[in-house]
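Welcome! Here is a short tour for anyone meeting this structure for the first time. Take a look at the model, and then read on.

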Amino acid sequence: MPALSKGQTARWNKRLAETATNKARATALWDLARLLAGTDDTAWADLVLLLQRWTTEQQNQRPPS
């Protein structure tokens, strides 16, 4: 996976900090994962699994409606 430059890291930190909901955070994380994986299908598959687990954990932490 490619490393992010200092500018890219700052941009992504800012984008993630500006997310107010888990839905917005998830969207940003999926975008970042795609960027990091690039054309590496194995890396993409690993990141997909990681983000699916994160999404499931976030959904399970929601208070009942």
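The largest nonpolar core has 8 residues: Trp12, Leu32, Ala33, Leu36, Ala37, Ala43, Leu47 and Leu51. Two elements, helix 2 and helix 3, give two or more residues to this core. Helix 2 provides the largest share, with 4 residues. Please keep in mind as you read that this is a predicted model.

Let us stay with helix 2 for a while. Its 16 residues, 22-37, should span 22 Å at 1.5 Å a residue, and the end C-alpha atoms are 22 Å apart, so the expected and actual spans agree. Which residues of helix 2 are buried? They are Ala26, Ala28, Leu32, Ala33, Leu36 and Ala37. These buried residues lie on the same side of helix 2, because they cover an arc of only 165 degrees around the axis. Helix 1 (6-17) and helix 3 (41-60) are among the parts that cover them. After helix 2 comes Gly38, which has a positive phi, near 55 degrees.

Helix 2 also holds Lys23. Is Lys23 buried or exposed? With a relative accessibility of 69%, Lys23 counts as exposed, because the cut-off for that class is over 50%. Along the chain, Lys23 and Thr55 are 32 residues apart, while 8.9 Å separates their C-alpha atoms.

Now for the charged side chains. How many salt bridges does a search of the whole structure find? The search finds 2 salt bridges, and the table shows the pairs.

| Salt bridge | Closest N to O distance |
|---|---|
| Lys14 and Glu18 | 2.7 Å |
| Arg15 and Asp31 | 2.6 Å |

The pair of Arg15 and Asp31 links distant parts of the chain: Arg15 belongs to helix 1 and Asp31 to helix 2, and the two are 16 residues apart. How open are these side chains to the surroundings? Arg15 has a relative accessibility of 27%, so Arg15 counts as partly exposed. Asp31, at 34% relative accessibility, therefore counts as partly exposed as well. In the other pair, Lys14 and Glu18 are both exposed.

To find your way around the model, you could begin with the buried residues of helix 2, such as Leu32 and Leu36, which also belong to the largest nonpolar core. From there, look for Asp31 and follow its salt bridge to Arg15.

Technical notes:
Residues are numbered from 1 along each chain as its sequence is written. This is a predicted model: local features need pLDDT of at least 70, side-chain atom pairs count only at pLDDT 80 or more; totals for chains, interfaces and linings use all residues. Side-chain values use heavy atoms; hydrogens and water are left out. The expected span of a helix is 1.5 Å times one less than its number of residues. Buried means under 20% relative accessible area, exposed over 50%, partly exposed in between (1.4 Å probe, protein chains only). The arc is that of the directions from the helix axis to the C-beta atoms. Contact means heavy atoms within 4.5 Å. A salt bridge is a side-chain nitrogen of Lys or Arg within 4 Å of a carboxyl oxygen of Asp or Glu. A nonpolar core is a set of buried Ala, Val, Leu, Ile, Met, Phe, Trp, Tyr and Cys residues joined through side-chain atoms within 4.5 Å.
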